[in-house]
Amino acid sequence: MVKKEELFEVTSMFRTLIKAITQEWNKRGGEFNLSFPQYKMLYMLNASGTHTVSQLAEALGITSAAITGITDRLVTEGFVSRERGENDRRIVNISITDRGREIINQVTERQKEMLEGFFDQLQEEDLQHLRRIFGVVLANIENKS
């Protein structure tokens, strides 16, 4: 078993990494005027098509109310459209627009450059180890939920 001090150091380093990535995201993403949750929602809609509010909330791990707020902003910017279900008006379907696809492609390219800059010193094998380790830890967290 890993020593408590080592676990503390690893989690502390991870927090610092996430903070640095978030700060850099905010600097670079500011020109697009997109928050990270807005980006994640656009990314998901671009990757897998139309979703209901509840599907987005579950997939992104936030509340339906938060999805509604994010959607309001993205509709105002013309990045997504919102439509009521034909058979059940309580169902709200969210779809990405062409303008949303354009912005997500631009932002994704910029963010890819940023992340490559953070991780460019790592060998491919090291990245594979990180993916495996994070996968194990996340699976362990999900199993305990």
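Where helix H2 meets helix H5, the contact is formed by Tyr 39, Leu 42, Tyr 43 and Asn 46 on the H2 side and by Arg 101, Ile 103, Ile 104, Asn 105, Val 107 and Thr 108 on the H5 side. Sorted by class, the residues of this contact comprise six that are nonpolar, three that are polar and one that is charged. The model in which these contacts are found is a predicted one, and the description that follows should be read with that in mind.

The geometry behind this contact can be given through the helix axes: H2, which covers residues 36–48, and H5, which covers residues 98–119, pack at an angle of about 115 degrees, with their axes 10 Å apart. Because angles from 65 to 115 degrees count as roughly perpendicular, H2 is described as roughly perpendicular to H5. The handedness of the crossing between H2 and H5 is left-handed.

Helix H2 also packs against helix H3, which spans residues 53–60, and here the two axes come within 11 Å and cross at roughly 115 degrees. That angle makes H2 roughly perpendicular to H3, while the crossing of H2 past H3 is right-handed. On the H2 side of this second contact stand Lys 40, Met 41, Met 44 and Leu 45, and these residues meet Gln 55, Leu 56, Ala 59 and Leu 60 of H3. The contact of H2 with H3 divides by class into six nonpolar residues, one polar residue and one charged residue.

These helices can now be placed within the chain as a whole, whose secondary structure comes to six helices and three strands. Read from the N terminus on, the elements follow the order α-α-β-α-α-β-β-α-α, so that, with helices numbered from the N terminus, H2 is the second element in that order and is followed by a strand.

For the overall dimensions, the C-alpha atoms of the chain fill a box of roughly 55 × 35 × 25 Å when the box is taken along the principal axes. Of the 145 residues in the chain, 24% are buried, where buried stands for a relative accessible area under 20%. The chain exposes about 10,500 Å², and carbon and sulfur atoms supply 53% of that area. As for how the contacts are distributed along the sequence, among those in the chain between residues at least 6 apart in sequence, 52% join residues that are at least 24 apart.

Conventions: Residues are numbered from 1 along each chain as its sequence is written. This is a predicted model: local features need pLDDT of at least 70, side-chain atom pairs count only at pLDDT 80 or more; totals for chains, interfaces and linings use all residues. Side-chain values use heavy atoms; hydrogens and water are left out. Axes are lines fitted to C-alpha atoms, for helices over the stretch in contact, and angles run from 0 to 180 degrees between N-to-C directions. Helices (H or I, at least four residues) and strands (E, at least two) are DSSP runs, numbered from the N terminus. Angles under 35 degrees count as roughly parallel, over 145 as roughly antiparallel, 65 to 115 as roughly perpendicular and the rest as oblique. A crossing is left-handed if the near helix is turned anticlockwise from the far one by less than a right angle, and right-handed if clockwise. Contact means heavy atoms within 4.5 Å. Ala, Val, Leu, Ile, Met, Phe, Trp, Tyr, Cys and Pro count as nonpolar, Asp, Glu, Lys and Arg as charged, and the others, Gly among them, as polar. Buried means under 20% relative accessible area, exposed over 50%, partly exposed in between (1.4 Å probe, protein chains only). Accessible areas come from the Shrake-Rupley method with a 1.4 Å probe; for residues, only the protein chains shown count as cover.
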